[in-house]
Amino acid sequence: KRSNKIDSLERNKYGFFTEPTGCMIFEEDKYYNETVDEYLQIRNGKNWKNQYKKDIDLIIEKYPYKELKR
């Protein structure tokens with residue numbers, strides 16, 4: 001449930017989604033990330049990352065991981 005809430009927040013409120021790409025990082029990734037960051041600043045405002053972190057913290061607090069009982 002926690003994962004779904006974070007995914008929904010990213011897609012619907014902030015206009016992006018994350019996707020695992022593995023451990024290889026290419027030079028092109030740097031340029032892509034810079035372009036996306038510029039877009040997100042225009043879309044969400046200059047300090048959007050601070051609010052995003054607060055929103056994520058609230059989701060983590062509301063939906064903590066449950067420890068497995070052994």
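**A colleague's note on a three-helix model**

1. Let me start at a loop residue: Gly-45 counts as partly exposed, because its relative accessibility is 27%, and partly exposed covers the range between under 20% and over 50%. Gly-45 sits in the loop between α2 and α3. Computed along the chain, Gly-45 and Ser-3 are 42 residues apart, and their C-alpha atoms are 25 Å apart in space. Please keep in mind throughout that this is a predicted model.

2. Now the overall picture. The protein has three helices and zero strands, and its pattern along the sequence reads α-α-α. The radius of gyration is 15 Å, well over the 11 Å that the globule rule gives for 70 residues, so the protein is more spread out than a compact globule. Taken along the principal axes, the box filled by the C-alpha atoms is roughly 45 × 30 × 15 Å. Of the 70 residues, 19% are buried.

3. The aromatic residues deserve a look. A pair of rings is described by the distance of the centres and the angle of the planes. The structure holds five aromatic pairs. One of them joins Tyr-14 and Tyr-52 in an edge-to-face arrangement, with 5.3 Å centre to centre and 85° between the planes. Tyr-14 belongs to helix α1 (residues 2-14) and Tyr-52 to helix α3 (residues 48-62), so this pair ties together parts that are 38 residues apart in sequence. Both tyrosines, Tyr-14 and Tyr-52, are buried.

4. Phe-16 and Trp-48 make another edge-to-face pair, at 5.9 Å centre to centre and 65° between the planes. This pair, too, links distant parts of the chain: Phe-16 is in the loop between α1 and α2 (27-44), Trp-48 is in helix α3, and the two are 32 residues apart. Are these two residues buried or exposed? Phe-16 counts as buried because its relative accessibility is 16%, and Trp-48 counts as buried because its value is 7%; the cut-off for buried is under 20%.

5. Put the two pairs side by side and a cluster appears: ring pairs link Tyr-14, Phe-16, Trp-48 and Tyr-52. Trp-48, in helix α3, also gives a handy sense of distance to the start of the chain. Trp-48 and Lys-1 are 47 residues apart in sequence, with 24 Å between their C-alpha atoms.

6. One more ring to check in your viewer is Tyr-65. Arg-2 lies over the face of Tyr-65, and the distance from the ring centre is 4.0 Å.

7. Finally, the open space. Rolling a probe the size of a water molecule over the atoms shows where empty space is left. The largest pocket has a volume of about 510 Å³. It is lined by 15 residues, and those closest to its centre are Phe-17, Thr-18, Tyr-32, Asn-33 and Val-36. Which elements give two or more residues to this lining? They are α2 and α3, with α2 providing the largest share, six residues. By type, the lining of the largest pocket divides into eight nonpolar, three polar and four charged residues.

Key: Residues numbered from 1 in each chain as written. Predicted model: local features only at pLDDT ≥ 70, side-chain atom pairs only at ≥ 80, totals over all residues. Heavy atoms only, no water. Phe/Tyr/Trp six-rings, centres within 6.5 Å; stacked < 30°, edge-to-face > 60°. Helix = DSSP H or I, 4+ residues; strand = E, 2+ residues; numbered from the N terminus. Buried < 20%, exposed > 50% of the residue type's maximum accessible area, 1.4 Å probe, protein only. Lys NZ or Arg CZ within 6 Å of the ring centre and 35° of its normal. 1 Å grid on protein atoms, 1.4 Å probe; cavity = no way out; pocket = protein on both sides within 12 Å on 5 of 7 lines; lining within 4 Å. Points joined across faces, edges and corners; volume = space filled by probe spheres on them. Nonpolar A, V, L, I, M, F, W, Y, C, P; charged D, E, K, R; others polar. Rg over C-alpha atoms; globule rule 2.2 N^0.38 Å.
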